[in-house]
Every structure is written in structure tokens, then in C-alpha cells.
Amino acid sequence: MRDTRFIILLLVVTVFLYFFGRGTMALTDPDETFYAQSAKEMLNAGEWVTPLIFGEPQFEKPAFYYWLVMASYMVFGVNEFAARFPSALFGIAGVIGVYFLGRLLFSRRCGLLSGLVLATCVQYIVLARGCVTDMVLSVFILYCLLFFLAGWMTGRGPYFLVSAVMAALAVLTKGPIGLFIPGVVILLYMLFSGQWRNLRNIPVGWCILVFLAVSLPWYIAISRAHGAAFIDDFFLFRNITRFLEPEHECSASPFFYVPVFIMGFFPWSLFLPLGAWNIYRGKGDGPGLKGWKMFLLVWFLAVFVFFSVSRTKLVTYILPLYPVAAVLVGRFWEKFIYGEDVKGVLARHMNISYAVFSMTSIFGLVGVFFLVRFKYPQALTGAVVAETVFAAGLALSLLFFIFNRKRAAFFSIVLSVVLLCVPLVRYVLPVIEEFETTKALSLTFRELSAPGEPLGGETDSRRGIAFYSGRTEVVDIHPYPALKGFISRKERVWGIVQHKHYEQLKGEVGNAVSEPVSRSGDNVLITNKPLAEREK
């Protein structure tokens with residue numbers, strides 16, 4: 001019965017966080033629109049094997065995530081809500097999975113607190129509300145390791161088979177990394193814990209058969225359809241080359257993920273260092289470093305080190321370590337709230353963590369204020385309202401913490417994040433949308449253009465232009481010489497470009513390009529002929 005109550009609470013929190021105002025903001029460029037447009041084109045073409053973009057095959061990711069979005073389109077229609085629905089659904093599933101992970105290793109209360117920690121950290125919320133593959137991959141890895149751990153602790157073979165299915169679905173979502181990460185965690189755990197003899201409890205042969213039965217058919221189908229083109233692009237370039245060579249120079253530092261984790265796992269990241277130390281050094285937490293503690297440690301470090309070593313880094317890549325971080329922080333709070341602290345060590349650790357958390361929150365609020373003021377000044381009023389709501393919740397939490405109302409202090413932080421969602425969605429995101437999407441300009445193009453008139457867009461915005469304009473063919477007019485050549489065509493053409501590039505073009509070609517037909521954020525819709533000259 002307690003499981004039911006705790007799961008209902010987690011569902012209430014996550015459904016609100018991940019679905020409130022979900023369909024009100026346009027898909028952002030370039031990532032969300034890439035997956036949304038690919039799924040849209042596949043659905044329109046009736047294509048379930050080959051991912052498409054701009055009418056051509058693309059091998060960025062395997063097909064499973066596109067299948068999820070396509071299925072969502074079939075239920076809800078082709079829109080923003082449908083495009084983001086799979087990530088929200090999997091975000092909820094991830095929180096429930098962490099509940100059962102905390103319950104398996106510690107207690108139901110730890111599961112609840114761990115689930116709330118994961119549900120309310122910044123990056124998890126963002127990805128649960130976005131149309132990207134990282135949430136789905138992370139949840140499959142979580143369940144793969146959860147079912148493996150359940151099988152390892154109970155000796156029951158069916159758990160291992162479910163774990164193999166989860167690994168296969170992870171491979172269908174994002175490629176070999178879906179097997180590599182949980183495989184490395186499991187192998188390193190066995191190596192460092194010295195429990196190789198327990199391998200006899202795993203039905204290895206059946207696990208391999210199940211994994212291949214789920215994952216292999218699509219890879220065979222896509223390889224037969226495209227042969228070396230798929231193998232070279234997907235396996236050699238997307239996986240090996242990107243690991244060895246940086247896609248973005250700014251992320252080449254091996255310490256890239258340290259600030260990423262601190263900000264992405266906020267507001268709980270500041271509780272992790274001493275919380276993890278207290279758990280690993282303390283007593284009364286079950287098996288030591290040859291048991292589940294080693295498993296959690298290897299899980300965290302394997303993900304963090306692998307992606308830190310990789311030359312290509314994106315802020316979303318380390319999401320698979322968030323579940324284990326949530327369990328460690330959840331256990332830290334559970335011991336603080338409900339446990340006995342005879343020597344006061346845990347209380348000192350929590351006092352230090354909470355003090356650092358409070359100071360960091362203050363500096364963070366100030367930093368966000370100036371960031372919004374500089375980059376999105378139109379959203380400043382909404383940002384102030386959002387920060388006020390969050391600051392009030394943190395002040396309430398601090399008050400409870402000072403007066404030793406431990407449980408209330410924790411839940412006040414959770415409540416602060418939940419309430420913060422309202423002003424963000426109502427007042428901040430609608431303003432930011434103008435600068436991060438091309439929806440308004442694409443819809444204006446649809447209204448004003450004649451059938452067949454060419455449309456161009458700069459590289460990062462082409463996918464969004466295609467999604468909202470309904471055009472599969474969108475000419476890439478970046479870099480600048482491509483824009484200049486495109487606009488010099490004799491027929492009427494349309495372009496959606498950054499305003500600074502328009503000004504450069506206007507200065508060179510003069511009346512050969514129109515005044516902006518429309519402007520949204522930093523982008524403008526332009527054409528090479530005045531609208532009055534349109535042929536009747």
C-alpha cells in the first residue's frame with residue numbers, strides 16, 4: 001500500500017513538471033526540430049526503416065526514437081505536444097525506476113526521496129520536456145542496470161532477460177553506446193568486486209539471444225537497404241570518429257562535465273559529494289565496496305569518465321549517471337531525516353552541504369538575472385517573478401532547516417522547483433521562444449508564398465523551417481556566399497536568416513533584396529522581389 005501512495009505522489013509531481021504548458025512553446029533549433037522533422041517525414045512517407053531528413057536518408061540515430069515520435073503523431077497529430085510526449089513519458093518512467101532502485105538497495109522512503117531528487121533536477125526536467133533521444137536512452141540504461149541488479153541480488157534468471165531487452169532497446173535508440181555503458185558497468189563491477197563466480201546465475205546464452213532478437217532486425221534491414229553508406233556514416237563517423245575527434249572545440253576540455261553536472265543536477269548537486277562520502281564511509285548501509293556500493297560507484301564513474309575522455313561532448317550525454325546520483329542524495333537525506341546520528345557526523349556533513357547549496361543558490365539567482373537581462377531582456381520581468389517564487393521556497397526550506405524540521409526542509413526544495421515551473425512556462429519561455437525558433441517566420445512564409453517558390457534557411461534553423469513551413473526541400477544558405485547566390489536567382493525566392501546577415505546582404509546588393517517581410521527575435525524573413533510584384 002505504501003508503494004502505491006509513494007508512486008502516486010511521484011506521478012503527480014512528474015506529470016505536472018513534464019506536461020504543464022508542454023505544447024505552448026515551439027520546438028527549438030537545431031536538435032528538437034531535427035528529430036521532430038525526421039519523424040514527420042518518415043510518417044508522411046510511410047517509412048519505418050530509414051530515417052529521413054529533407055527527403056534524404058540520414059543515419060544520425062537508429063530508428064526507435066523516431067518510431068516513438070511517429071506513434072505519438074498518430075495519436076495526437078503532428079504538433080509540439082506529440083513530438084515531446086515520448087520524452088515526458090520516459091522521464092516519468094525514469095523517476096519510477098529510481099524509486100524502485102532506491103527501494104531495492106535501501107528502503108521505500110529512500111526510493112521516494114531519490115525519485116523526487118531526480119524528478120526536480122534542472123537537466124532532467126529540461127530533457128523530459130524536450131524532443132531529444134537522451135531521456136529515452138538514459139531510462140533504458142537505468143532499467144537495464146536495475147533489472148541486472150535485481151537478478152544479481154535474487155538469483156532469478158528472468159530479471160537478466162528483461163535487462164537484456166532494455167539493453168537492446170537502448171541500442172535501438174542511440175546505437176552501440178546503449179550496450180557499451182551498462183556492459184562496462186557490469187564488467188567493472190565484477191572485476192573490482194571479485195564476484196566472477198556468480199556469473200553462473202546469469203543465463204548468458206538466453207540473454208544474448210534475447211538481445212539479438214530485439215536489436216538485430218532493424219540493423220539488418222537498414223544495412224540491406226543502404227549497405228556501406230549506413231555502416232560508414234553510422235558506425236565509423238557517428239560513433240568512432242566522434243569519440244576520437246571533437247565536434248565542438250569548446251567542449252574539448254576533460255573537465256567539461258564538472259560544471260555541467262553541478263548546474264544540470266541542481267539543486268541537488270551540492271549534496272552529492274559529502275552525501276556519497278557519508279554513505280561509502282558510514283555503517284548501516286548494507287554491503288560494502290564488494291556489494292552494491294561498488295556497483296553504484298562504478299556506474300557513476302564509468303559514465304562520467306567515458307564521456308569526459310570522449311572528444312565530442314554535449315551537455316546531455318551524462319544523463320545516464322543522474323539516477324545513481326539521485327539515489328545517493330536521496331539516501332543522504334533519508335539518513336539525515338530518519339536515521340540515528342550518534343556522533344553528529346552526518347549532521348555536520350548536511351550542514352556543510354546545505355550552507356554551500358544556499359550560497360550557490362543566491363549566486364545562481366543573481367547570475368541568471370544578469371544573463372536574462374543581457375540575452376533576453378524582454379523576459380526580464382517574467383524571470384524576476386520566477387526567481388522570486390524560487391527564492392521564497394528556498395527561504396522557507398532554510399527556515400525549516402534552521403529549526404530542525406528536516407523533512408519539511410527537503411520537501412520545500414521540491415516544492416520550490418514545482419512552483420517555479422508556472423512562471424517559467426507562463427512568462428519566460430514564450431519570450432525566449434522568439435529567439436530560439438523560426439516558427440513565426442515559417443508560418444508567415446506559408447501564408448505569403450506561392451506554391452513552388454524556393455525557400456532557404458541557415459544550417460541550424462533549416463529543420464525547424466521545414467517542420468513549420470511544411471516544405472521538405474529547404475535550401476541551405478549558409479555560409480554567406482550561399483545566401484548571396486540564392487538571393488540573386490531570377491525567380492522569387494524566400495529566405496529566413498539572421499538579421500545581421502541580412503544587413504550585410506542589404507549593404508552589398510541593395511534593392512535586390514526586400515526589406516524584412518517579418519522579424520522574430522534575431523531572424524528575419526526576406527525575399528528578392530517586393531510582394532507587389534508577385535505574379536497573378
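1. Helices α13 (272-281) and α16 (residues 345-375) pair up, with axes that come within 9 Å and cross at roughly 165°. That angle makes α13 roughly antiparallel to α16 (over 145 degrees counts as roughly antiparallel, under 35 as roughly parallel, 65 to 115 as roughly perpendicular and the rest as oblique). Axes here are lines fitted to C-alpha atoms, for helices over the stretch in contact, and angles run from 0 to 180 degrees between N-to-C directions. Helices are DSSP runs of H or I with at least four residues, strands are runs of E with at least two, and both are numbered from the N terminus.

2. The model is predicted: local features need pLDDT of at least 70, side-chain atom pairs count only at pLDDT 80 or more, and totals for chains, interfaces and linings use all residues. Residues are numbered from 1 along each chain as its sequence is written, and side-chain values use heavy atoms, without hydrogens and water.

3. The crossing of α13 and α16 is right-handed (the near helix is turned clockwise from the far one by less than a right angle; anticlockwise would be left-handed). On the α13 side, L274, W277 and N278 make the contact. They meet V345, L346, H349, I352 and S353 of α16. Contact means heavy atoms within 4.5 Å.

4. A second pair is α14 (residues 292-309) and α15 (residues 322-338). Their axes lie 9 Å apart, at an angle of about 135°. The two helices are therefore oblique to each other. α14 passes α15 in a left-handed crossing. L296, W299 and F300 of α14 touch P323, V324, A325 and L328 of α15.

5. Check two prolines. A cis peptide bond joins D29 and P30, with omega about -5°. P30 is in the loop between α1 (2-19) and α2 (31-45). The bond from F266 to P267 is cis as well, with omega near 10°. P267 sits in the loop between α12 (257-264) and α13.

6. Look at F54 too. Its phi is positive, about 55°, although F54 is not a glycine. F54 belongs to the loop between β1 (52-53) and β2 (56-57).

7. On the surface, L187, L191, F192, W196 and L199 form a nonpolar patch of about 500 Å². Patch residues have over 30% relative accessible area and no salt bridge; nonpolar side chains (Val, Leu, Ile, Met, Phe, Trp, Tyr) are joined within 5 Å, like charges within 9 Å. Areas come from the Shrake-Rupley method with a 1.4 Å probe, and for residues only the protein chains shown count as cover. A salt bridge puts a side-chain nitrogen of Lys or Arg within 4 Å of a carboxyl oxygen of Asp or Glu. L187 lies in α9 (residues 177-193).
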